[in-house]
Amino acid sequence: MKREELEPNTVEKESEPTESGWSRRAFLGSAALAGAVIASCTSEPTREIPHYGRTRMLAGPQQAPDGPILKAGLVGCGGRGTGAAFDFLNAGPNLQLAALADVFDDHLQQCRNQLKERKGVEIPDDRCFLGFDAFQRVIDSDVDVVLLATPPYFRPEHFEAAVQARKQVFMEKPVAVDPVGSRAILASAEKADAFGLCVVTGTQRRHERSYIETYNRIVDGAIGEIVAARCYWNQGQLWYKVRESGWTDMEAMLRDWVNWQWLSGDHIVEQHIHNIDVVNWYTGLHPVRAVGAGARMRRVTGDQYDFFSVDFAMENGLHVHSMCRQIDGCVNSVSEAVQGTLGSSNCKDTIFDLDGNVVWSYKDDQEKAKARAEEAGEEWQGDNSPYLQEHVDLVTAIRTGAKINEAHDTAASTLVAIMGRISAYTGLETTWDEMMASDLTVGPRELRMGPVDLQAEIPVPGVPTRA
């Protein structure tokens, strides 16, 4: 299996040099360098609330309805994939897991053993597939739903194959690692719409009741017009795998995938997409340009940065501060916030007035609902985990004939994160138009368990790449 791809941090050919010496083509391919005009935004409070295409949402049920058996196949048997398998099985009645795929037998067997021990689910040998083509064998088996949980580099090809086979899809975020892959997801999403397929992605906050209720209140005008936003994912060092004797280049990278740009997209894409997606969702917009900074300070393996800070600008002039960091010993925050002309919100569960006073809290509403249930002698269930809820919502949509396809929004959020990454890597302003025109792809030209034909270089902003 081959892909005609550019190696990361190299150029196909030189283009016009910038003042800093960078060639934009090094990171954008042959993108059209068209800028976008940013309009100014007003700071005057107003009751005329522009919704930017936003609409109120209904939270899904606690459990999916009963129906004919739905069989799922899991592609990617690591920790997140195994978790997705259990969440699917727990989403409602008559749900089965029928096939597994991974490139590593130890991952597959560990997942297989956990399914047997915790759920009594036994996957036969002839439904366990290994290799880079194992995803296709799962899709070709008699499954109704495909769960895609490999490193995100593989997502565009796997999603396209699943849609082409008319399978319902759950796929983890992000959905790509480069502009070409993001646009491939958009194309497959349109095909999924035409086929009437349901697609849910791993942006759990869009399924979390507290986020949905907060969002609805903001759409109804609780904080006025949104004029600014921020989003953070700052935490300690993430896991990593030091190369072991006997591992090939490919095996070492795949086992350490979260630290390699071509496999994960860097952590601004792989992890921080959650927060970026919330801002896109709450504003009903996506940024049209980015100016970012970042660096590698303490990372042990891979070729990624340790932190990013990006100023994203929307087409209406609204600015978003995006920050993500994976360094021990620093202050942490995983959060989002929007500022409006009449108040503000943490997006998750609270709305404040302009003086910072709490005017509504989801937690208070929940406490009141719990008290009413206990007073009536009813069992209080509380909210599902958002990881479970997204599978409940997927199965519910399949069984009720409802329309749900989150691939469009998640592809847009993925592309925004990539736009921020490229700006930080280069030190240059990067635009949405460039992302939509770019032919940049990252990764090796051939997928096989052996040497990897790419050069892993740490990007240095303002310094020309090697041709």
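This is a short conversation about how to read some features of a predicted protein model.

Colleague: What should I know before I start reading?

Modeller: Residues are numbered from 1 along each chain as its sequence is written, and side-chain values use heavy atoms, with hydrogens and water left out. The model is predicted, and local features need pLDDT of at least 70, side-chain atom pairs count only at pLDDT 80 or more, while totals for chains, interfaces and linings use all residues.

Colleague: How many helices and strands does the protein have?

Modeller: Helices (H or I, at least four residues) and strands (E, at least two) are DSSP runs, numbered from the N terminus. Here there are 15 helices and 15 strands.

Colleague: And which strands are at the edges of the open sheet?

Modeller: Pairing comes first: two strands pair if DSSP finds at least two bridges between them. The open sheet has 9 strands in the order β14-β13-β12-β11-β7-β10-β9-β8-β15, with mixed pairing. Its edge strands are β14 (358–361) and β15 (430–431), each pairing on one side only. Take β13 (residues 350–353): 3 bridges join it to β14, and the two run antiparallel. Thr-350 stands opposite Ser-361 in β14.

Colleague: What share of the residues is buried?

Modeller: Buried means under 20% relative accessible area, exposed over 50%, and partly exposed in between (1.4 Å probe, protein chains only). Of the 467 residues in the protein, 56% are buried. Helix α7 is mostly covered, with 8 of its 11 residues buried; among them are Tyr-211, Ile-212 and Tyr-215. Just after α7, Gly-221 takes a positive phi of about 105°.

Colleague: Which residues other than glycine have a positive phi?

Modeller: Two cases to look at are Arg-166, with phi near 60°, and Cys-347, with phi of about 70°. Arg-166 is in the loop between α5 (155–164) and β5, and it is partly exposed, with a relative accessible area of 46%. Cys-347 is in the loop between β12 (343–345) and β13. That cysteine counts as buried because its relative accessible area is 0%.

Colleague: Where is the cis peptide bond?

Modeller: Look between Lys-173 and Pro-174, where omega is about -20°. Pro-174 sits in the loop between β5 (168–171) and α6 (179–195).

Colleague: What does Thr-410 touch?

Modeller: Contact means heavy atoms within 4.5 Å. Not counting residues up to four places away in sequence, Thr-410 touches Lys-173, Val-175, Thr-201, Thr-203 and Ile-273. So Lys-173 turns up both in the cis bond and in this list. Thr-410 itself is in helix α14, and it counts as buried because its relative accessibility is 1%.

Colleague: Last one: what lines the second largest pocket?

Modeller: On a 1 Å grid over the protein atoms alone, a pocket is an open set of points where a 1.4 Å probe fits, with protein on both sides within 12 Å along at least five of seven lines; lining residues have an atom within 4 Å of a point. This pocket is lined by 32 residues, and Met-57, Arg-206, Trp-281, Glu-406 and Asp-409 lie nearest its centre. Helices α7 (209–219), α11 (273–283), α13 (386–400) and α14 (407–426) each supply at least two lining residues.

Colleague: How much space lies in that pocket?

Modeller: About 760 Å³, where a volume is the space filled by probe spheres set on the points, and grid points are joined across faces, edges and corners.
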